[in-house]
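Please look at the model below before reading on. The paragraphs that follow take up strand pairing, a helix contact, an annotated domain and the surroundings of a ligand.

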Amino acid sequence: IPVTLTVDPAFRVGPVRRRTFGSFVEHLGRCVYTGIHDPAHPTADADGFRKDVIELTRELAVSTVRYPGGNFVSGYRWEDGVGPVGQRPSRLDLAWHSTEPNTVGLDEFMRWADLADVEPMMAVNLGTRGVQEAVDLLEYCNVPGGTAFSDLRRANGHADPYKVRMWCLGNEMDGPWQIGSKTAYEYGRLAAETGRAMRMVDKDIELVACGSSGVVMPTFGEWERIVLTEAYEQVDLISAHAYYWEEDGDLGSFLASATDMDHFVEAVTATADSVRAHKKVDKRIHISFDEWNVWYQKRAESRPPSGDDWPVAPVLLEDRYNVADAVVVGNLLISLLRHTDRVHSASLAQLVNVIAPIMTEPGGRIWKQTTFHPFAQASRYASGDVLRVAIDSPTYETKQYGDADLVDAVATWDEETGSLTLFAVNRSTTEPVLLDIDLRSVPGLRLLEASTLSNPDHTWTATADDDTSVAPHANATAQVRDGRLQVEVPPVSWNVVRLG
Ligand code: AHR
C-alpha cells in the first residue's frame, strides 16, 4: 500500500520541548521500593539507589520526573519523608492500600533526580491538605535559608535550595476515587488560592492545575472550564491524563489510540482558549500531559489489595508490554509532538515497574520493556522544530474512533545541525506500507539511519530473559532519491528515519 507524506519546514508547529519526554515516579507498588531504591542490590549506592536503574533512566533520556504521585499524593504528609530515616513514621497509604515506610522521601528523591540527571516536578497534596502545607513544602524546597522549613532542609544536610520549578496543584481531583476529591468549583478555588500563596514564596515557579483524569470523565470539558475560570490568573498549565489498552482483541481501535489523544489535547486547548476569550486576557494556558501510557486497567494486578494486610511495595500495575503496545506508545509520542504549540510538558506514567518501560527484579536483574525503545528514540532524536507532516493515507474503520489513517507521522527539523527526523507508525495489522516522502523543500538530505520496531508476532513481549531479540533494527529498504525518501514499513510498526 503506498502512502504519500510531505515534509516541509513551512509546516512548523513549534520547538521540540525537552519536557515532552518526562516520566513519573510514584510511591506505588514497586516503583520506589525495589524500583529506584533497593539497598540490597549489588549496584546500590550509599543511599540505596540502584545504579543500573539510573543508567537506564539516562539511556531512556528522560527530562522531568513527576513525584511523589499520583493518587498517593492526595493522602501524603511530606514531612514524614524528611529527617533521620530511623525516626520516620510508617503510614497507611489509602490510595494503594499499602504501608508507606517513608524510607525514601523528598531529600532522597532530589538526590536521585540529580544522579539521574532529570528535572524534578513536584506535586502537592490538595486532597487531605491545603494552602499552608503546600507553602511549607515550597519553603522547604526553594527558600535558601533563615526560616523554619528552609533551615530544616539545611539541618537535613541540603544547604542549597532545590529550586524546583514545576508544581502540580494536586492530582486527579475530578476522580471519585481520589482522596479528598472535589467539585470543579471547589477545586478551582483551592488551586487558585494555593497557587497565589505559593507564588508569594517563589514567583518563578510554574503551576499546573488538575484537568480531567480522562476524556471519558462525565465532567470532561466543564471541569476545565470551571477550574480555569477560577484559577486562570494563577496557573500556567492544565493537566491531562490518558491511558489506553487493547480491549476484547480490538487491535485496530487500539492502534488508533493517538486519535483520541489528539482530540483530548484539541478539546482542552479550545476550552482554555474560550476561557481566555471570556476573560479578555493575552495569557494562554498550556497543557501538561502528565500521565499517559498503555495501561491494562482491567487486569487484576491493577487493583490495590483489599484485605487486612497493608503490604509494603506490593506488586501492582506491573503490565508486560508487547510490540503493539510499543507502537501505540510511539504513536502517542507523535501526537504529543505535533501539539508542541500547546503541550508544553508530558510524563510517561510511570518509570520503573509500575506500567513502566524499565523493570527490575528485587535485588536482581533489570530489563527493558518494548515500550522503552520508542520513548528513548523519540527523546534522543527529536530536535529543533516539530513539523506537521501532510499525510495522504488510506483509512481503515475502527470501532472506537471511526475512520483512522493507516499511517501516522511527525517530523523534527533542526536547522542548526541540518538534521531531519521522521517518526512514523504503520497501524495496519496485516499489510506493509510503502512510505513515499516528499522532501524537496529540504534539498540535499542524505540518509543517516532508518530503524523499525516490529515483529511477525505483534504480541511478542520482552522478559528478563530476553529483552533484546525484538528491538529497533535497521530498515534496509530506506533510500533517498530525487528529493524523495522511500521506505517500506511492516504492519504494526514504529519507525524512525534520520536524515542529515
Ligand atoms: O499512574 C497510576 C495512577 O493513575 C496514578 O496514581 C493516578 O494519578 C492515575 O489514576
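Two strands count as paired if DSSP finds at least two bridges between them. The model shown is a predicted one. In it, strand β17, residues 395-398, and strand β18, residues 402-405, pair over four bridges in the antiparallel sense. One pair of facing residues is Tyr396 and, in β18, Ala404. The connection from β17 to β18 is a hairpin of three residues.

A parallel pairing is found elsewhere in the chain. Strand β1 (residues 2-6) runs parallel to strand β21 (residues 433-438), and five bridges link the two. Val3 has Leu435 of β21 as its bridge partner. Both strands belong to an open sheet of five strands, ordered β16-β1-β21-β25-β24. The pairing within this sheet is mixed. Its edges are β16 (390-392) and β24 (479-481), each of which pairs on one side only. From one strand to the next, the twist averages 20 degrees. In a regular strand, side chains alternate between the two faces of the sheet.

The next topic is a pair of helices. Helix α5 covers residues 184-201 and helix α6 covers residues 222-231; their axes come within 8 Å and cross at roughly 35 degrees. The crossing of α5 past α6 is right-handed. Which residues make the contact? On the α5 side they are Ala184, Tyr185, Tyr187, Gly188, Arg189, Ala191, Ala192 and Gly195. On the α6 side they are Glu222, Trp223, Ile226, Val227, Thr229, Glu230 and Ala231. By class, the residues of this contact of α5 with α6 are nine nonpolar, three polar and three charged.

A record adds an annotation to the chain. UniProt, in an unreviewed entry, lists residues 290-493 as "domain: Alpha-L-arabinofuranosidase C-terminal". Over residues 290-493 the chain is 36% strand and 13% helix. The C-alpha atoms at the two ends of that stretch are 25 Å apart.

The last topic is the ligand. Which residues are around the ligand? They are Glu26, Leu28, Gly69, Gly70, Asn71, Asn171, Glu172, Ser213, Glu291, Ala349 and Gln350. This shell divides into six polar, three charged and two nonpolar residues. Glycine is counted as polar in this division, and Gly69 and Gly70 are among the residues around the ligand.

Notes
Residues are numbered from 1 along each chain as its sequence is written. This is a predicted model: local features need pLDDT of at least 70, side-chain atom pairs count only at pLDDT 80 or more; totals for chains, interfaces and linings use all residues. Axes are lines fitted to C-alpha atoms, for helices over the stretch in contact, and angles run from 0 to 180 degrees between N-to-C directions. A crossing is left-handed if the near helix is turned anticlockwise from the far one by less than a right angle, and right-handed if clockwise. Two residues are in contact if their C-beta atoms, placed from the backbone, lie within 7 Å. UniProt positions are given in the numbering used here, feature names are shortened, and annotations may be inferred rather than shown by experiment. A residue is near a molecule or strand if its C-beta atom, placed from the backbone, lies within 6 Å of it.
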